[in-house]
Every structure is written in structure tokens, then in C-alpha cells.
Amino acid sequence: MEAYSAIMSIAHEIKHARRTVALTGAGISAESGLGTFRGKDGLWSKYDPAVVASIESFKRDPRKFWEFAREIGWIFLTAKPNAAHIALAELEVMKRLDSVITQNVDGLHQRAGSKRVIEIHGNAGRIICTRCLAEYATEKIVDRIAREDVPRCDRCGGSLKPDVILFGEPLPKRAFDQALKKVRSADLLIAVGTSLEVYPAASLPEIAKKSGAKIVSIDSERTGWDDLCDYKVSGPAGEVLPRIVQAIRITF
Ligand code: OAD
């Protein structure tokens with residue numbers, strides 16, 4: 001389907017849906033300057049996730065994780081929401097979007113104004129002590145993170161870790177249960193900028209489809225799960241989502 005017709009059809013579906021839920025991935029933050037994980041320029045083409053982003057290797061040697069986190073981390077603190085995050089926040093205000101389920105840990109949906117955000121992979125804005133579970137705001141301890149090989153907890157000396165899910169860790173149960181409930185009760189699921197290669201997040205569109213929802217994908221590339229979609233728009237989320245919002249505004 002040509003992009004214009006797909007955009008108009010998606011706008012129509014959103015207007016007539018009872019409950020629309022968005023599922024976002026790294027691609028929605030690409031236009032904010034954050035790297036995606038897969039693809040030729042993705043983070044995992046430069047770093048081995050088994051070495052820098054698995055709980056096994058963190059337990060063995062947290063220094064490798066922190067080297068990686070310091071290298072990519074500053075951008076999380078300085079990145080700003082882009083037009084795609086803003087479009088989803090607008091849809092929520094217009095009462096056309098129930099909630100956003102995100103695999104991202106950058107907090108950009110909330111900063112764009114979205115209120116109902118379910119973070120299934122955590123949030124890099126928080127740092128947790130792996131021993132006593134004390135919690136720190138990342139922005140308050142950036143100096144210490146820059147200075148120390150492995151930042152330590154003030155309270156007990158345990159190693160600190162951003163409150164994000166590493167490979168091999170279970171997802172936060174409450175958030176994932178909420179996400180499941182949302183996709184089961186949705187009649188429209190809009191996935192934005194995700195390759196859906198990581199489970200269990202990748203199972204959400206299939207669960208939504210089995211529960212009767214139509215599935216939309218907005219992604220700059222073809223993905224391995226395009227066959228599941230009722231509508232697909234190939235293009236940058238920061239261009240496509242504002243066009244959908246505009247189409248909803250101008251059509252009856
Ligand atoms: P990926 O890097 O796997 O996929 C990003 C998707 O975004 C790809 O399909 C790109 O084509 C698309 N994309 C890139 N730029 C875009 C743009 N401007 N507009 C629209 N789409 C764009 O990222 P995720 O699917 O989010 O998990 O990855 C899922 C999980 O794998 C992450 O949460 C992370 C990672 O390893 C953990 O760390 C546990």
C-alpha cells in the first residue's frame with residue numbers, strides 16, 4: 001500500500017478503534033540521536049551484547065558494562081524527544097491512544113508528555129544498588145559514574161547498575177503483566193521502530209492479533225514480522241506519526 005493511503009487508513013482505524021495501544025522500540029528514538037541496536041550501524045554491530053549487556057557478564061565483571069555504559073550513556077542524559085514521541089503524546093491528549101508500551105529505557109515518551117507509559121525494559125534514569133536495592137537518580141550521580149570504574153553504593157558498597165533489563169534478566173513482572181493486559185484488550189496496536197527480535201516483548205503483537213486487534217507497523221525498514229501487519233508504513237517515525245495525527249485532525 002502506498003504511504004499516503006496507508007496513513008489515511010491508519011488515521012481512520014485510530015478514529016474508530018475502542019482502544020489503541022502503541023508498542024515502541026529504539027527506532028522511535030533514532031531521530032533524537034540515540035543509536036538503534038540492530039542493522040548495519042546498530043550498537044550490536046560494534047559491541048557484543050553477550051559481553052557488555054548480559055547479566056552474566058555484569059556479575060562476572062561489571063567494569064566492562066560500565067565502560068560501555070559510560071561510552072553511550074551521556075546521550076541518554078542530553079537527548080530530547082522528537083516529533084514521533086510528541087505525536088504519540090498528542091494522540092493521548094486527543095483520547096485516541098490508550099497507552100504506550102516501550103522497550104526503550106530513555107524516558108523520552110514521558111518527556112514528550114505521554115502520561116501512560118509502560119516501561120518493560122526499565123529506565124536508565126535510575127540506578128539501583130545490586131546488593132541493598134538503594135535507588136539513585138542517574139543525573140544526581142553522573143560525576144561519580146564518570147570517576148569510578150564501577151560506581152559503588154553509598155549505603156552498603158555494593159555495585160550499582162542502571163535500572164535496565166540486561167540479557168538473561170527477567171522483565172519487571174508488574175510492567176509486563178500490565179503490557180499483556182493492554183494488548184489483550186486493544187483493538188489496534190501500533191508498533192513503531194522495533195525489529196521485534198527480543199522476547200518476550202516480541203510476542204506482544206502476536207498476542208494482540210490473536211485477541212482480535214489490527215496491527216500497524218511504522219518502521220524505516222522491512223522487518224521480519226511484516227506479514228503479521230494489517231498496515232505498514234516504511235519511513236522515519238518522526239515524519240510518519242505527525243502525518244497520521246494531522247490526518248486524524250482534518251478528517252471526519
Ligand atoms: P532494534 O535496533 O532491534 O530495531 C530498531 C528498529 O527501528 C529497526 O527495525 C529499524 O529499521 C527501525 N528504525 C530505525 N530508525 C528508525 C526511524 N527513524 N523511524 C522508524 N523506525 C526506525 O531495536 P528494538 O526493537 O527496540 O533490549 O530492540 C529491542 C531490544 O533489543 C531492546 O530493548 C534492547 C535490545 O537488545 C535489551 O537491552 C533487553
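**Close-up views of a predicted model**

**View 1. Strands 8 and 9 lie side by side and pair in the parallel sense.** In this predicted model, strand 8 covers residues 214-219 and is joined to strand 9 over four bridges. Within this pair, Ile218 has Val233 of strand 9 as its bridge partner. Strands of a sheet pair through backbone hydrogen bonds, either parallel or antiparallel.

**View 2. Six strands make up an open sheet with parallel pairing.** Across the sheet, the strands follow the order 3-2-1-7-8-9. The edges are occupied by strand 3 (117-119) and strand 9 (231-234); each has a single partner strand, so one side of each is left without a neighbour in the sheet. On average, neighbouring strands of this sheet are turned by 15° against each other, direction ignored.

**View 3. Helix 1 packs on the six-stranded sheet.** Helix 1 comprises residues 3-16 and touches strand 1 (20-24), strand 7 (188-192), strand 8 and strand 9. The direction of helix 1 makes about 130° with that of strand 9. The buried residues of helix 1 are Ala6, Ile7, Ser9, Ile10, Ala11, Glu13, Ile14 and Lys15. These buried residues pack against strands 1, 7, 8 and 9, and also against helix 6 (83-93) and helix 11. How far apart are the end C-alpha atoms of helix 1? They are 20 Å apart, which agrees with the span of 20 Å that its 14 residues should have at 1.5 Å a residue.

**View 4. Helix 11 lies across three strands.** Helix 11, formed by residues 237-250, crosses strand 7, strand 8 and strand 9. Relative to strand 8, helix 11 runs at about 135°.

**View 5. Three strands form an open sheet with antiparallel pairing.** The order of the strands in this sheet is 5-4-6. Which strands stand at the edges? Strand 5 (135-137) and strand 6 (160-164) do; each has a single partner strand, so one side of each is left without a neighbour in the sheet. From one strand to the next, the twist averages 40°.

**View 6. Strand 4 pairs with strand 6 in the antiparallel sense, and helix 5 packs on their sheet.** Strand 4 consists of residues 122-129 and is paired with strand 6 over five bridges. One of the bridge partners is Val164 in strand 6, which is matched with Gly122. Helix 5 (residues 62-78) touches both strand 4 and strand 6. The direction of helix 5 makes about 50° with that of strand 6.

Note on methods. Residues are numbered from 1 along each chain as its sequence is written. This is a predicted model: local features need pLDDT of at least 70, side-chain atom pairs count only at pLDDT 80 or more; totals for chains, interfaces and linings use all residues. Side-chain values use heavy atoms; hydrogens and water are left out. Two strands pair if DSSP finds at least two bridges between them. Helices (H or I, at least four residues) and strands (E, at least two) are DSSP runs, numbered from the N terminus. Axes are lines fitted to C-alpha atoms, for helices over the stretch in contact, and angles run from 0 to 180 degrees between N-to-C directions. Contact means heavy atoms within 4.5 Å. The expected span of a helix is 1.5 Å times one less than its number of residues. Buried means under 20% relative accessible area, exposed over 50%, partly exposed in between (1.4 Å probe, protein chains only).
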